[in-house]
Amino acid sequence: AGDGARTRDLRLGKPALYQLSYTRLVPAARREPRRRCATIIPTARERPRCRASGAWGSTLSGRMRRSPVPVAVVVLAVLLIAVLGFALAGTGGSNLDSAVQRGERPTVPDGAAALELPVLGTDATQSLDALKGQVVVVNVWGSWCEPCKDEAPLISGIHDALKAAGEGQVLGVTHVDPSEKSLAFQKEFALTFPSVRDVDDDLYNAFGGTGTPETYVLDRDGRVAAIRRGVITAEFANEALEAAGATARVSAELEPTP
C-alpha cells in the first residue's frame with residue numbers, strides 16, 4: 001500500500017486474526033487530504049514533509065549544542081524513544097490489538113458500541129449495539145485514501161455475501177471526510193454497504209485507529225474477532241468471517257491488483 005509499506009502478518013494458530021500492513025497516513029489538517037508520512041523514524045529525505053513545529057531537525061540540534069551531555073548519550077536516548085514508539089505502533093497503540101493477537105475476544109472499548117452515528121446520505125442513525133446478533137465487518141475509509149479505492153470491491157463483496165447468507169453486514173465508517181466527498185466516493189465505487197459519519201472520531205479512537213483503511217470483524221455478541229490495519233485480502237476476510245461464526249465467503253477475484 002504505497003512506497004515504504006511495512007508488512008507484518010501475526011499468526012496465532014489458525015486463522016491469522018490480526019494483521020498490520022500499510023503506511024500510516026497523517027492528515028495535514030483536520031479537513032484536508034492526507035499526505036503519506038513515515039511513521040516511526042522518518043528518513044532524512046522524508047522528514048521535511050512530516051515535520052511539525054520543529055519536531056525533527058533544529059530543535060534537537062540546538063539542544064545538542066547547548067548541552068554538556070555527550071553526543072553518544074543523546075543519540076542513545078533518541079534511539080530508545082524510537083524503539084518504544086515502534087513497539088507501540090506495532091500494536092496500533094491499543095490493548096485491543098494485543099488482546100486479539102492473544103486469541104481473545106475483547107468487546108468494543110469505551111462504550112463505543114452504543115454510539116448513535118449519522119448514516120451517510122440519510123437522516124437515520126446507526127449503532128453497533130443495534131447490530132448485535134449479526135456478524136458485522138466495520139470498515140474505516142475516506143475518499144482521499146488511495147488504498148480504500150483499491151479494496152472497495154472486496155469490501156462490497158463481503159457485504160453482499162453476508163447479506164445473501166442472512167448472517168450480517170458491512171458497516172463503513174468515514175474518517176476525516178466531508179459528506180459530499182464521501183457520497184461521491186460511495187457512488188463512484190458503487191459501495192453496496194451503508195456507512196456512518198464518525199465526525200468526532202469517537203468510534204475510530206475507540207478501536208485505536210491509526211490510519212485508513214482499517215477493518216474490524218465483530219462476532220454476533222459484538223466482540224472483536226479479527227483486526228486488519230491496512231488493505232484486506234480475501235484470505236484474511238474468509239478466515240475472519242469463519243472465526244466470527246459466519247459461513248459467508250468472498251472470492252479472491254475481488255482482491256486489489258498488486
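1. A salt bridge here means a side-chain nitrogen of Lys or Arg within 4 Å of a carboxyl oxygen of Asp or Glu. By that rule, the side chains of Glu146 and Lys149 form one, at 3.0 Å from N to O. A search of the whole structure finds eight salt bridges.

2. A word on what you are looking at: this is a predicted model, in which local features need pLDDT of at least 70 and side-chain atom pairs count only at pLDDT 80 or more, while totals for chains, interfaces and linings use all residues. Residues are numbered from 1 along each chain as its sequence is written, and side-chain values use heavy atoms, with hydrogens and water left out.

3. Back to the opening pair. Glu146 and Lys149 both lie in helix H5 (residues 146-165), three residues apart, or about one turn of the helix. Helices (H or I, at least four residues) and strands (E, at least two) are DSSP runs, numbered from the N terminus. Are these two side chains buried or exposed? Glu146 is partly exposed, with a relative accessible area of 43%, and Lys149 is partly exposed too, at 27%. The terms work like this: buried is under 20% relative accessible area, exposed is over 50%, and partly exposed is in between (1.4 Å probe, protein chains only).

4. Two other salt bridges are worth finding. Asp129 and Lys132 meet at 3.9 Å, N to O, and Asp129 is partly exposed, with a relative accessible area of 34%. Asp219 and Arg223 meet at 3.0 Å, N to O. In this second pair Asp219 counts as buried, at 4% relative accessibility, whereas Arg223 is partly exposed at 29%. Which residues share a network with them? Arg105, Asp219, Asp221 and Arg223 are linked in a network of salt bridges.

5. Next, the aromatic rings. A pair of aromatic rings is described by the distance of the centres and the angle of the planes. Rings of Phe, Tyr and Trp (its six-membered ring) pair if their centres lie within 6.5 Å; planes under 30 degrees apart count as stacked, over 60 as edge-to-face, and the rest as tilted. The count comes to three aromatic pairs. One of them joins Trp141 and Phe185, which are stacked, at 4.7 Å centre to centre with 25 degrees between the planes. This pair links distant parts of the chain, with Trp141 in strand S7 (residues 135-141) and Phe185 in helix H6 (residues 179-188), 44 residues apart.

6. Stay with Phe185 for a moment. The rings of Phe185 and Phe189 have centres 4.6 Å apart and planes at 35 degrees, so this pair is tilted. Ring pairs thus link Trp141, Phe185 and Phe189 into a cluster. Within the cluster, Trp141 is buried at 2% relative accessible area and Phe185 is buried at 4%, while Phe189 is partly exposed at 25%.

7. Finally, have a look at helix H8 (residues 234-243). Eight of its 10 residues are buried, so "mostly covered" is a fair description. Among the buried residues are Phe236, Asn238, Glu239 and Leu241. Arg228 lies over the face of Phe236, 5.8 Å from the ring centre. The rule for a charge over a ring asks for NZ of Lys or CZ of Arg within 6 Å of the ring centre and within 35 degrees of the ring normal. After H8 comes Gly245, whose phi is positive, near 95 degrees.
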